[in-house]
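Dear colleague,

I am passing on the structure below, together with some notes on what was found in it. Please have it open while you read.

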Amino acid sequence: MDHINTSQEQGSSLYRAYQIFSARQQYYLDRITPYTAGRWGWYIVTYALAIYLLNQFIMFLTPKIDPAMQDYEEDGLSLPTRASEEFRPFMRQLPELKFWYSTLKALLFATFCTFFDAFNIPVFWPVLVLYFFLLFGVTMKKQIKHMIKYKYLPFSHGKTRYSGNSEAKISAK
């Protein structure tokens, strides 16, 4: 019987700790709400993070063996370019796990940088946004042209569906 009471006490103490944490969090959020200038800044940190993440995304989309450099390589590893060639899975320059790991590290580092006023440099933010979209557009256009030229697609479209034997369906009816 004591075992049941102990688990109920632990559950209630966890709930009490959660309530205390929530109340403290709401208190601090309510205190910083009027200070909009302190919350909306860090344009250089955000811009550097966006450029880094764009670079990571491009590496994620790029094949490990670039078909454009295939003529220069002697190891024979290349993407299939004809239907008669053997299918090889798409190998990325930056594997998915490393992509997410480096993204997490970049986000944590950018968050850490916001603790120091030295990184809060006043800039005219619309110029950074415009330059980022221009850089994103030019880079993605180049990458998409490369993907079309060498006929590779780094994403799968789900599970392959096979149709059943139509003769078997007819004879069963």
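What span should the 25 residues of helix H5 (residues 125-149) have at 1.5 Å a residue, and how far apart are its end C-alpha atoms? The expected span, which is 1.5 Å times one less than the number of residues, comes to 36 Å, and the end C-alpha atoms lie 36 Å apart, so the two agree.

Before going further, please note that this is a predicted model, in which local features need pLDDT of at least 70 and side-chain atom pairs count only at pLDDT 80 or more, while totals for chains, interfaces and linings use all residues. Residues are numbered from 1 along each chain as its sequence is written, and side-chain values use heavy atoms, with hydrogens and water left out.

As for the chain as a whole, there are six helices and zero strands, where helices (H or I, at least four residues) and strands (E, at least two) are DSSP runs numbered from the N terminus; along the sequence this gives the pattern α-α-α-α-α-α. Of the 173 residues in the chain, 19% are buried, a word that here stands for under 20% relative accessible area, with exposed meaning over 50% and partly exposed in between (1.4 Å probe, protein chains only). Among contacts (heavy atoms within 4.5 Å) in the chain with a separation of 6 or more, 80% come from residues 24 or more positions apart.

To return to H5, the buried residues in this helix include Leu128, Phe132, Met140 and Met147, and part of what covers the buried residues of H5 is helix H3 (43-61). Val129 also belongs to H5, but it counts as partly exposed, because its relative accessibility is 35%. Although Val129 and Tyr47 are 82 residues apart in sequence, their C-alpha atoms are 7.9 Å apart in space. Just after H5, Lys151 takes a positive phi of about 55 degrees.

A second place to look at is around Ser102, which is found in helix H4 (residues 96-113) and is buried, since its relative accessible area is 9%. Its side chain makes a polar contact with the side chain of Gln56 at 2.9 Å, and the side chain of Ser102 also reaches the backbone oxygen of Phe99 at 3.1 Å. (A polar contact is a pair of N or O atoms within 3.5 Å; within protein, one must be able to donate a hydrogen and the other to accept it, and residues adjacent in sequence count only if both atoms are side-chain atoms.) Gln56 lies in helix H3 and counts as buried because its relative accessibility is 6%; leaving aside residues up to four places away in sequence, Gln56 touches Leu94, Phe99 and Ser102.

Finally, the aromatic rings: those of Phe, Tyr and Trp (its six-membered ring) pair if their centres lie within 6.5 Å, with planes under 30 degrees apart counted as stacked, over 60 as edge-to-face and the rest as tilted, and by this rule there are nine aromatic pairs. One of them joins Tyr27 and Tyr28 edge-to-face, at 5.2 Å centre to centre and 70 degrees between the planes. Phe60, Phe99 and Trp100 form one aromatic cluster, and the charged end of Arg92 sits over the ring of Phe60, 3.9 Å from its centre, where the rule asks for NZ of Lys or CZ of Arg within 6 Å of the ring centre and within 35 degrees of the ring normal.

With best wishes
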